Amino acid sequence: MRWSKYYIPTLKEAPADAEVTSHRLLVRAGLIRRLTSGIYSYLPMGLRAIAKVENIVREEMNRAGALELLLPAVQPADLWIESGRWEHYGKELLRFRDRHDRYCCLGPTHEEVITDLVRGEVRSYRQLPLTLYQIQTKFRDEIRPRFGLMRGREFIMKDAYSFDADDAGANRSYQAMYEAYKRIFERLALRFRAVEADSGAIGGSFSHEFMVLASTGEDSIVSCTRCDYAANVERAETRPPADKERKTVPAISEALTPDLTTVEQVAEFLKVQAEHIVKTILLEVDGKPLAVLLRGDHELNLIKVKNRLGAASVVLASPEQVREWSGSPVGFAGPVGLQIPLLADYALSSRDGWVCGACKKDAHLLNMSLERDVKPFEFADLRAIAPKDPCPRCGAGLETLRGIEVGHVFKLGLKYSKAMNAVFLDEKGREQWMIMGCYGVGVSRVVAACIEQNHDENGIIFPPPVAPFTVHLVNLDLKSAEVCARVEEIYAFLDAEGLETLLDDRDERAGVKFKDADLTGSPIQLFVGTKGLTRGIVEAKDRRSGAKTELPLDDFVASFRAFKNSVFAGWGLP
């Protein structure tokens with residue numbers, strides 16, 4: 001492809017609304033343009049990068065036995081009402097009415113549509129297992145779209161759905177997709193981790209997120225330094241203490257703590273450590289009260305509480321509710337005598353003799369024993385994981401990383417098939433619900449995440465599998481017939497090698513061409529000019545390392561192939 005015949009509107013400056021690196025570079029390199037908030041046009045270079053990702057995704061989905069289809073973007077409200085998500089999904093679901101006054105939505109995801117399709121066609125266990133997928137534009141009406149393609153309202157996504165006759169089959173389908181995702185991101189030459197995750201609004205029994213590692217990532221993940229355990233911090237497990245401190249606890253007593261409502265204030269006033277204080281957090285769970293007990297230096301994980309109870313809604317109690325349920329203002333609630341259900345975090349099983357709120361203003365209790373003074377209650381994993389916590393699998397240390405979610409696999413179970421009566425007849429002629437799985441890849445987001453992971457101060461550094469063009473060939477002297485002839489000869493050779501090449505044949509200064517070559521990020525750069533030809537060489541540059549190599553013209557084919565192989569090897573590619 002010749003630059004003079006292509007459309008690559010590069011910019012010297014980034015737009016004012018670009019907050020992250022990928023957004024700035026996607027716009028500056030001429031890959032995308034903003035239409036309106038959270039909605040972008042994909043320009044030719046951007047579409048080529050997306051097509052590269054789509055092709056790899058499609059190949060691995062097909063290899064895993066999935067079948068491609070295409071589902072409607074507009075979905076009738078009836079299906080969402082049937083599944084129970086019409087109200088639950090929230091304002092991100094763009095709802096509207098058609099000319100017949102029927103409610104519809106613009107699809108953010110397709111669980112309802114695919115379930116409706118399959119329940120109308122699949123009747124027998126002989127038709128299972130079945131995995132279907134599509135690559136399609138989705139729309140989620142984000143309240144605050146930002147970061148360009150990282151969190152837009154309209155985006156390109158691959159979503160797949162599996163249907164199985166039993167749990168064993170569903171687990172096999174899940175594992176097949178999990179392995180396919182690993183191959184996808186390995187082939188894209190991205191550094192990533194598969195982490196245990198919460199299923200969120202999609203629902204389901206368990207799931208994994210695939211995170212591209214980048215310092216600018218929105219998500220925090222913990223990763224074991226010894227084994228392969230990794231999890232989103234929302235999901236990361238904590239281990240019950242192995243040992244318990246054994247001691248006789250004196251009788252409970254009361255201490256005045258005037259206007260001291262925080263753990264830090266109470267700890268300083270009573271001369272105790274924050275980890276020896278129990279904080280009582282009152283919650284409203286599906287409209288009912290609940291008290292959660294945590295160590296003073298730990299933080300509550302609301303998602304763990306929600307999953308532990310199978311709740312639809314978990315929110316902090318209002319000051320009025322705190323007073324009604326505990327008899328005290330905020331900051332003084334405690335577990336002793338509390339007449340609402342109680343859950344205690346595992347960490348509280350390690351010792352006894354705690355400081356806690358006294359359920360009355362300006363007072364705390366000393367020497368509180370959970371087993372002696374608080375009944376009934378249950379221990380559970382309820383807190384956010386802390387930096388010093390051990391790996392819940394092997395006990396080794398954990399490290400905290402930043403990641404960008406680009407893929408998510410869910411085992412949905414019966415969530416949608418049961419709600420929408422997606423059934424089949426088993427071997428004995430009995431009706432059974434299909435067991436489902438759901439598997440998504442944010443195709444357009446992969447391109448943005450790739451740039452967040454691979455860039456420098458000069459521009460994008462595309463891995464070869466994602467790059468719109470593998471080779472950027474620059475003609476440094478359009479007025480020289482010899483240079484132009486040699487450029488055309490090299491261009492034809494690269495085409496014969498099957499390498500997608502962008503030939504910069506513009507009548508521009510060399511400095512402009514050098515900057516644009518770095519900005520647009522092709523893995524291999526070749527520069528042909530009068531000075532080089534005089535010396536019998538073509539200059540080659542590895543965009544990732546910045547290393548420059550002089551390729552001799554009298555042995556150009558062999559020397560270029562060796563250079564290309566070294567560039568690919570640097571990405572871990574054959």
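These are my notebook entries on two helix pairs and the cysteines of one structure.

**Entry 1: the model**

I am working from a predicted model.

**Entry 2: helix α1 and its surroundings**

I started with helix α1, residues 21-28. How many of its 8 residues are buried? I found 6, so I noted α1 as mostly covered. I listed the buried ones as Thr21, Ser22, His23, Leu25, Leu26 and Val27.

Next I looked up what these buried residues pack against. The helices are α12 and α14 (510-520). The strands are β1 (32-36), β2 (39-42), β25 (455-456) and β26 (459-460).

I also checked the backbone just after α1. Gly30 takes a positive phi there, about 75 degrees.

**Entry 3: α1 against α12**

I described each helix pair by the angle between the axes and the distance between them. Helix α12 covers residues 443-453. Its axis and that of α1 come within 8 Å and cross at roughly 105 degrees. Angles of 65 to 115 degrees count as roughly perpendicular, and α1 and α12 are therefore roughly perpendicular to each other.

Which residues meet here? From α1 I noted Thr21, Ser22, Leu25 and Leu26. From α12 I noted Val447, Ala448, Ile451 and Glu452. By class, I sorted this contact into 5 nonpolar, 2 polar and 1 charged. The four α1 contact residues also appear in my list of buried ones.

**Entry 4: α13 against α16**

I then moved to helix α13 (residues 481-496) and helix α16 (residues 556-570). They pack at an angle of about 55 degrees, and their axes are 12 Å apart. That angle makes α13 oblique to α16. I recorded the crossing as right-handed.

On the α13 side, Ile490, Phe493 and Leu494 make the contact. On the α16 side, I found Phe556, Val557, Phe560 and Arg561. This contact has 6 nonpolar residues, no polar ones and 1 charged.

**Entry 5: cysteines**

I looked for disulfides and counted 0 in the structure. Cys105 is in none, and its nearest cysteine sulfur, in Cys104, is 7.5 Å away. Is Cys105 buried or exposed? I found it buried, at a relative accessible area of 0%.

Why does Cys227 form no bond with Cys224? Their sulfurs are 3.6 Å apart, which is too far for a bond. The cut-off is 2.5 Å. The sulfur in Cys224 is the closest cysteine sulfur to that of Cys227. Cys227 has 25% relative accessibility, so I noted Cys227 as partly exposed.

How values were computed:
Residues numbered from 1 in each chain as written. Predicted model: local features only at pLDDT ≥ 70, side-chain atom pairs only at ≥ 80, totals over all residues. Heavy atoms only, no water. Axes fitted to C-alpha atoms, helices over the stretch in contact; angles between N-to-C directions. Helix = DSSP H or I, 4+ residues; strand = E, 2+ residues; numbered from the N terminus. Parallel < 35°, antiparallel > 145°, perpendicular 65-115°, else oblique. Left-handed = near helix turned anticlockwise from the far one by under 90°. Contact = heavy atoms within 4.5 Å. Nonpolar A, V, L, I, M, F, W, Y, C, P; charged D, E, K, R; others polar. Buried < 20%, exposed > 50% of the residue type's maximum accessible area, 1.4 Å probe, protein only.
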